[in-house]
Amino acid sequence: MLWAGLAWGLIASLLWFAIARFGSRQPMSEAQENRFASFTILFFGVTGIVSLLLVGPFNLVTGIVLTGCVLIGLLLFPATQITLVFILSMAAILAYAIVVSLDTTLYRPLLAPVDYRPAQVWYDIITIIAAGLIITKDSFTVAALTSTWRHREASTFDRSIRDPLTGVANRGHLLQTLTHQLAMPTRARKGLAVVLMDVDFFKQINDRYGHATGDQALIHVAETLQDNLRDNDLLGRYGGEEFLMLLPGATLSQAHNVAERCAEALRHNAMAITGSPAIKLTASFGVSSASAQSAMDAHTLIEEADRAMYTAKHQGRDRVVVYSRPQ
Ligand SMILES: Nc1nc2c(ncn2[C@@H]2O[C@H](COP(=O)(O)OP(=O)(O)OP(=O)(O)O)[C@@H](O)[C@H]2O)c(=O)[nH]1
């Protein structure tokens with residue numbers, strides 16, 4: 001019976017862990033994780049109750065299943081459900097203590113041996129509470145590790161799509177998002193516009209104030225642009241002092257307005273630095289768009305915006321130029 005219990009605990013735990021970790025190719029969504037966690041509680045909870053009924057609270061099989069229930073549950077749990085698991089495990093420990101404190105002649109496990117003897121009640125209660133505290137402490141350690149692990153996974157993903165200096169999307173993420181949006185079926189997408197901008201005379205800022213101030217200026221530019229975009233627009237750093245904005249659903253003239261708004265914000269939002277007058281920054285903007293019907297690829301669209309941006313540079317900088325496609 002003991003070995004069967006141990007084997008069962010081990011197999012069930014490994015199985016559960018394998019399903020949680022490798023069961024789906026995609027990482028589980030939060031809703032899936034919650035469903036899986038609830039199912040796990042139910043499964044181990046029911047198993048625990050059945051063990052209690054069949055072999056009684058003093059049997060090692062019951063102990064293993066209850067401990068497994070708490071530990072495996074916590075190992076797999078999304079952080080949002082840790083409190084729930086904690087309450088449930090404390091309730092399980094309390095219920096366990098109550099059961100052993102009862103006059104056990106009132107309760108006789110279904111599979112109890114003929115010479116079944118109730119244990120010393122107080123001794124058992126103290127042992128169970130101590131065990132409960134140890135399990136709880138361990139559970140919190142596991143929970144903390146699990147949450148660090150999840151957090152690390154999330155922040156690795158975050159790092160892989162962000163520009164480390166400015167915190168906006170990096171070039172790879174911009175291109176991937178744009179390619180994905182352009183590949184959407186015609187009926188699912190509206191138009192899409194891109195705005196490419198390049199800070200004017202940026203080399204002079206580096207030369208005059210130093211590279212660290214140059215970096216601050218890039219952060220300032222990114223913040224100013226971000227403040228002038230909507231939530232579903234995507235701003236990213238395309239190169240050194242070049243930023244790209246993806247505006248899903250925007251027409252060419254709407255994107256033109258957005259670019260003018262950004263140029264205006266940059267013009268009137270000089271960057272404050274200590275010990276010198278605020279630095280005035282301007283930029284040149286190029287705008288291009290793809291209608292819902294056009295089959296345009298990401299590189300062509302960006303190249304058009306790039307040409308328009310260079311026209312803006314040649315026309316004297318600090319302005320917006322819209323790409324006009326040859327008829
Ligand atoms: N501080 C800092 N400078 C950068 C970074 N990336 C690129 N740069 C600098 O940006 C400058 C770009 O200079 P240029 O390409 O000559 O262009 P510009 O001076 O902005 O002139 P125009 O674009 O013609 O208006 C170079 O000096 C680069 O070293 C960065 O991450 N931090």
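**Figure 1. Antiparallel pairing of strands β2 and β3 in the predicted model****.** Strand β2 comprises residues 234–237, and strand β3 comprises residues 242–248. The two strands run in the antiparallel sense and are paired over 4 bridges. The connection from β2 to β3 is a hairpin of 4 residues. Within this pairing, L234 faces L246 of β3. In a regular strand, side chains alternate between the two faces of the sheet.

**Figure 2. The charged end of R171 over the ring of Y238****.** The charged end of R171 is placed over the Y238 ring, at 4.1 Å from the ring centre. As for pairs between aromatic rings, the structure holds 0 of them.

**Figure 3. Residues surrounding the ligand****.** The ligand is surrounded by 16 residues. The closest of these residues are F202, N206, D215, R237 and R317. Sorted by class, the shell contains 8 charged residues, together with 4 polar and 4 nonpolar ones.

**Figure 4. Polar contacts and burial of the ligand****.** Both F201 and F202 approach the ligand through backbone atoms. A polar backbone atom of F201 lies 2.9 Å from an oxygen atom of the ligand. For F202, a backbone N or O atom is 2.7 Å from a ligand oxygen atom. R317 contributes through its side chain, with a polar atom 2.8 Å from an oxygen atom of the ligand. The ligand taken alone exposes 670 Å², of which the protein buries 67%.

**Figure 5. Secondary-structure elements contributing to the ligand shell****.** Three elements are shown here: strand β1 (192–199), helix α7 (202–209) and helix α8 (211–227). Each of these elements gives two or more residues to the shell around the ligand. Helix α8 supplies the largest share of that shell, with 4 residues.

Conventions. Residues numbered from 1 in each chain as written. Predicted model: local features only at pLDDT ≥ 70, side-chain atom pairs only at ≥ 80, totals over all residues. Heavy atoms only, no water. Phe/Tyr/Trp six-rings, centres within 6.5 Å; stacked < 30°, edge-to-face > 60°. Lys NZ or Arg CZ within 6 Å of the ring centre and 35° of its normal. Near = heavy atom within 4 Å. Polar contact = N/O pair within 3.5 Å; in protein donor to acceptor, adjacent residues only side chain to side chain. Areas by Shrake-Rupley, 256 points an atom, 1.4 Å probe, with all protein chains shown as cover. Nonpolar A, V, L, I, M, F, W, Y, C, P; charged D, E, K, R; others polar. Pairing = 2+ DSSP bridges.
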